[in-house]
Amino acid sequence: MMTMKHSSTALLLLTCLVMGTGQAEPVVDDGAPRFPTLPMTLTTAETSDTAKRSLADASPEVLADELVGQLLQPVPAPQAEPLSLLGATLAPGGFMRIDWSPDVAIAGLNQPTPVLAVNGREPGPTLCLTAAIHGDELNGIEIVRRVVYDIDPEELSGRVIGVPIVNIQGFERGSRYLPDRRDLNRNFPGSPDGSLAARLAYSLFENIIRHCDMLVDIHTGSLNRTNLPQLRADLNIPAVAAFTRGFDNMTVIHSTGGAGMLRTAAVDAGIVAVTMEAGESLRIQQRSIADGVHSILALMENEGMIARLMVMSKPRPVYAQSAWIRVSRGGILFSKVELGDEVLQGQLLGHVVDPITNDQHPVTSTRDGRIIGMAVDQVVMAGFAAYHIGFQPETNERPSQQPSAVIETFIAPDTVEQDGDYPL
Ligand SMILES: [Zn+2]
């Protein structure tokens, strides 16, 4: 691929400057083709002293044409560079599976974490995909696998680095947390001499994340809650807001993110980053996985990394705010609504049924909006956050007094994102 650097405005200015030296003859437009009038092969070597002397002796028209020729000179297309990652080197057009060893385990029991990398034949941005930072969030693992193995390195412009199971210790125990009971996603960018979580975070951030131009950190709901496929992103940052528009069929929820989250630390380091939420923990959900894969491939196409002529969906809503609706009574929750449903203020969302007294407590929506996350049917205690409603700014004002069965936790804009964690 060849690129041609050419600016007609610059040419005009140059011509005017040359013609304005006082020695100039009027330009006669004889209808002859003006570009290019000189062979487009003037190289750097030819602009040496000899070339400079001949330019100095030349008439203004020749000089102008010479400069035009230089500006029209074909510039070699940038070439893809080898990718150096974790001590390995990957040539353009290649794929590799390498190990990341954060050196936090007992040395003899050290279990490296697999990293997948694709270096495209053509240059371009580096997209990183991380999943299972919470070890029980499985959908993202499969999303990363499908995206990475779907890519033909020969057809890729840029690089993709995937870490399918960041928290491999949590994954093996079916746990969200690290062995020290800390949440890894509250410890970025980490520290080389901090806690286990801080050291792990530091190693991931320094050895892998700093290679990224763009990052999608994939999560799911937690504690038997499920999330509509969605992005959480700080829309106050223009580059991040623009990035979210590259994903297809994804609801976007504005949130600045909390301290210690990978997304927040990456953005602070100048990396465009979002959190993707898809489905619920401890499950493999085909629909959520397919949605996530499609959306990331659409992003790659929109970023110029692949060309597939994908069919894009209608843009999804962007929600500036969201709120959790809690149940006020314990019992068994039975929902009447589904993920993605549009709901109206006062609409019945479900019931909490007391299995002993047979009382049925309705749970209604506190506002107009959309169900972006919700609890699966289960036994709940009073105060359990059951429905996450995204809503538009024009309905921001707090609703009037609601039925006593409903308590709302308002998630104001620019507040801490919970990345599927139990809401405050
Ligand atoms: Zn998570």
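These are my notebook entries on a predicted model of a single chain.

**Entry 1. Overall make-up and confidence**

I started with the whole chain. It holds nine helices and 22 strands. Of its 424 residues, 41% are buried. I then looked at how contacts spread along the sequence. Among contacts with a separation of 6 or more, 70% join residues 24 or more positions apart.

Next I checked confidence. The average pLDDT is 82, and 78% of the residues score at least 70. Two stretches stay under 50. One is residues 1-53, where the model has 46 contacts beyond four places in sequence. The other is residues 395-407, with 23 such contacts. Where pLDDT is low, the predicted coordinates should not be read in detail. I left both stretches alone after that.

**Entry 2. Strand β6 and its partners**

Is strand β6 buried or exposed? I went through residues 113-119 and found six of the seven buried, so the rest of the structure largely encloses this strand.

I looked up its neighbours. Strand β5, residues 94-100, runs antiparallel to β6, and seven bridges join the two. As a register mark I noted Met-96, which stands opposite Ala-117 of β6. Strand β8, residues 157-163, also pairs with β6 in the antiparallel sense, over four bridges. The register mark here is Val-118, whose bridge partner in β8 is Val-160.

**Entry 3. A four-strand open sheet**

I traced a sheet further along the chain. It is open, has four strands in the order β18-β17-β15-β20, and pairs them antiparallel. The edges are β18 (360-364) and β20 (378-380); each has a single partner strand, so one side of each lacks a neighbour in the sheet. From one strand to the next, the twist averages 35°.

I then took the β15 and β17 pair. β15 covers residues 331-335 and β17 covers residues 348-353, with four bridges between them in the antiparallel sense. Leu-333 has Val-352 of β17 as its bridge partner.

**Entry 4. Helices α4 and α9**

I took α4 first. Its 12 residues, 139-150, reach 17 Å from first C-alpha to last, close to the 16 Å expected. Which residues of α4 are buried? I listed Asn-139, Gly-140, Ile-141, Glu-142, Ile-143, Val-144 and Val-147. Their cover includes strands β7 (122-131), β8, β9 (214-219) and β12 (272-280), along with helix α9 (286-302). So β8 turns up twice in my notes: it pairs with β6 and helps cover α4.

I moved on to α9. It has 17 residues and reaches 24 Å, close to the expected 24 Å. Its buried residues include Ser-288, Asp-291 and His-294, as well as Ile-296, Leu-297 and Leu-299. What do the buried residues of α9 pack against? I found β7, α4, β9, β10 (225-233) and β12. After the helix comes Gly-304, with a positive phi near 80°.

**Entry 5. Backbone details**

I checked for cis peptides. The bond from Phe-188 to Pro-189 is cis, with omega near 5°. Pro-189 sits in the loop between α5 (168-173) and α6 (196-207).

I also checked for positive phi outside glycine. Asn-249 has a phi of about 60°. Its place is the loop between α7 (238-244) and β11 (251-254). It is partly exposed, with 15 other C-beta atoms within 10 Å. Asn-358 has a positive phi too, near 70°. This residue lies in the loop between β17 and β18. Is Asn-358 buried or exposed? I counted 8 other C-beta atoms within 10 Å, so I logged Asn-358 as exposed.

**Entry 6. Phe-384**

My last look was at Phe-384, in the loop between β20 and β21 (385-391). It is buried: 23 other C-beta atoms lie within 10 Å, and the cut-off is 20 or more. Which residues does Phe-384 contact, leaving aside neighbours within four places in sequence? I found Arg-326, Val-327 and Ala-375. I also noted Arg-329, which is 55 residues from Phe-384 along the chain, with 8.7 Å between their C-alpha atoms.

Methods: Residues are numbered from 1 along each chain as its sequence is written. This is a predicted model: local features need pLDDT of at least 70, side-chain atom pairs count only at pLDDT 80 or more; totals for chains, interfaces and linings use all residues. A residue is buried if 20 or more other C-beta atoms lie within 10 Å of its own, exposed if 12 or fewer, and partly exposed in between; C-beta atoms are placed from the backbone. Two strands pair if DSSP finds at least two bridges between them. Axes are lines fitted to C-alpha atoms, for helices over the stretch in contact, and angles run from 0 to 180 degrees between N-to-C directions. pLDDT is the predictor's confidence in each residue, from 0 to 100. Two residues are in contact if their C-beta atoms, placed from the backbone, lie within 7 Å. The expected span of a helix is 1.5 Å times one less than its number of residues.
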